[in-house]
Amino acid sequence: MRIGDKDRLEKSPPMGIPGNQANVKSTLDNGTIVGSSPGSASFFTGGSPGKDGAIERVILTTYPTQSGIRPVPLNWGASSSEERGPVLASRSQTGPINNLKERNAMGAYGGSYSVYHALAVGSGALQATHRPDFTDTEPPVNIGPYPQWSESDMKIVSMDPWGHIPQTVFKDYLDRGYDLRPTIAVTKAHMRLPELAEGTLKQDGVIVLSEDGEINVTKAAVEPVWWLPGIASRFGIDETKLRRALFEDTGGMYPELITRPDMKVFLPPIGGLTIYVFGPMEYLADPTKKLTVRVHDECNGSDVFGSDICTCRPYLIYGIQRCVETAQKGGVGLIVYFRKEGRALGEVTKFLVYNARKRQAGGDRASTYFQHTENVAGVKDMRFQSLMPDVLHWLGVQKIDEMISMSNMKYDAIVGAGIPILERVPIPDEMVPPDSQVEMVAKVASGYFTQGHVPTEAELNAVKGRTWDDIAH
Ligand SMILES: [Zn+2]
């Protein structure tokens, strides 16, 4: 948008951000200081003149009362796509639609990759005017709509249940020039895992395609789309407090969290999840079919690189094996893989905790396992499983026959969301790597599911991990 653009947004007083009323000034390359008048939420930026040499004006934020602001209606939880409306997060002002004025969601498409998108545009590798060609990108299988998408208790608040098919259900918006993108993609694939290649699985020609364990799978990638009133409600806090924390604790990310209380949907720049389905997708919603589920939170060091300090990869592989076996018996298996590395504390925190565990006086032991995470991060866990069951509701799941998990937090969240779990399946002892006994015993003592003995304090002290003595540094 250029100075003098007749379509430019009118200035209106900011609401609720102390300090935002001051003149915002910026020094241009030529040394001229320009600034907007008090009360404006925009400023003229140096260094990026437009084609005609005019200085481009950056819109810092918008306000509901501002002239021209007319968000496309978005009725979260509505039973039809027409009534619900599309999730529009683009700020693009090029083309036939001024998305900045009509969008109804804060944040950006792409989850954590939205930042790379910005780099691509900033560096000139990608034209900001590019619009995706969605030809043939639709899901190969049908998912929903299910009653859970629109029940009055808002079972889905952290993803867009229509996010896999906007190409179809919101085609008229795309045709009219709205910059609208799917937040879910569904596809089919074959997969092979070395642990399951040695005749562990029986070839059946449908689920397991070859003797060496080639598995047929349908998978879906899901980016987070948060309906803020529902997110706040899950955490038992009010929406204003949630918005303020999201704004302030992320370096002032997305001022509209504060200035646009009328916009209720936010696409956070965080990782999402992937689901892997073994057997027919529609069986997930059919309570007459047996369902095996593992909900797995990312642990890159183990899942991909085979670190032996925890049970993550072995448990994931065992979950996949059980899912395939259930599908082969006429049921369906589901793996949900969340990008919540290191209990959503991240890998840097995780590695710091590993160091503290290994260096402590007396060595790494189960009795102090959780304390080290708390010392570094302030909490034991930031995964907030209360949002996790949303994906199960999206898939129409009504009950889980076998849950391949020992986590009490996951169990409580799923059962609390109204999905009964009929059986919990621990990891077989022979799959637990020696150095991960510390984690396993500590978790069982803290309330994780076990069919065996819950260790005493003395036993916790006795379970020790590997020291660093055998590692050359
Ligand atoms: Zn792990």
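Mentor: Buried means under 20% relative accessible area. Keep that cut-off at hand. This is a predicted model.

Trainee: Then is Cys312 buried or exposed?

Mentor: Cys312 has 15% relative accessibility, so it counts as buried.

Trainee: Which residues coordinate the zinc ion?

Mentor: Cys299, Cys310 and Cys312 do, each through SG, at 2.1 to 2.2 Å. Read the spacing next. Along the chain the donors follow C-x10-C-x1-C.

Trainee: Where do Cys299 and Cys312 lie?

Mentor: Cys299 sits in the loop between β11 (291-297) and α9 (300-303). Cys312 belongs to helix α10 (residues 312-328). These parts are 13 residues apart in sequence, so the pair ties them together.

Trainee: Are the other two donors, Cys299 and Cys310, buried or exposed?

Mentor: Apply the cut-off again. Cys299 is at 3% relative accessibility, so it is buried. Cys310 is buried too, at 3%.

Trainee: What about Cys323, buried or exposed?

Mentor: Cys323 has a relative accessible area of 0%, so it counts as buried.

Trainee: How many disulfides does a search of the whole structure find?

Mentor: A disulfide needs two cysteine sulfur atoms within 2.5 Å. The search finds zero.

Trainee: On to packing. Which residues touch the most other members of the largest nonpolar core?

Mentor: Look for the hubs. That core has 68 residues, and Ile275, Leu334, Val391, Trp394, Leu395 and Ile400 touch the most other members. Strand β12 (residues 332-338) gives the most to this core, with four residues.

Trainee: What does Trp394 touch?

Mentor: Leave out residues up to four places away in sequence. Trp394 then touches Ile143, Tyr146, Trp149, Ile156, Met159, Pro161, His164, Ile184, Val222 and Ile275. Note that Ile275 is also on the list of hubs. Another core, of 18 residues, lies apart from the largest one. Its members include Ile207, Ile215, Ile317 and Tyr337.

Trainee: Now pockets. How much space lies in the second largest pocket?

Mentor: About 1,000 Å³. Its lining has 36 residues. Closest to the centre of this pocket are Trp226, Ile270, Met382, Phe384 and Leu387.

Trainee: Which helix gives the most to the lining of the second largest pocket?

Mentor: Sort the lining by element. α7 gives the most, with four residues. At least two residues each come from α6 (228-235), α7 (239-248), α11 (341-344) and α14 (390-394). Trace those segments in the viewer, then check the residues around the pocket centre, including Trp226 and Phe384.

Key
Residues are numbered from 1 along each chain as its sequence is written. This is a predicted model: local features need pLDDT of at least 70, side-chain atom pairs count only at pLDDT 80 or more; totals for chains, interfaces and linings use all residues. Side-chain values use heavy atoms; hydrogens and water are left out. Buried means under 20% relative accessible area, exposed over 50%, partly exposed in between (1.4 Å probe, protein chains only). Donors are N, O and S atoms within 2.8 Å of the metal (3.2 Å for Na, K and Ca); water is not among the atoms, so sites may look incomplete. A nonpolar core is a set of buried Ala, Val, Leu, Ile, Met, Phe, Trp, Tyr and Cys residues joined through side-chain atoms within 4.5 Å. Contact means heavy atoms within 4.5 Å. On a 1 Å grid over the protein atoms alone, a cavity is a set of points where a 1.4 Å probe fits but cannot get out, and a pocket is an open set with protein on both sides within 12 Å along at least five of seven lines; lining residues have an atom within 4 Å of a point. Grid points are joined across faces, edges and corners, and a volume is the space filled by probe spheres set on the points.
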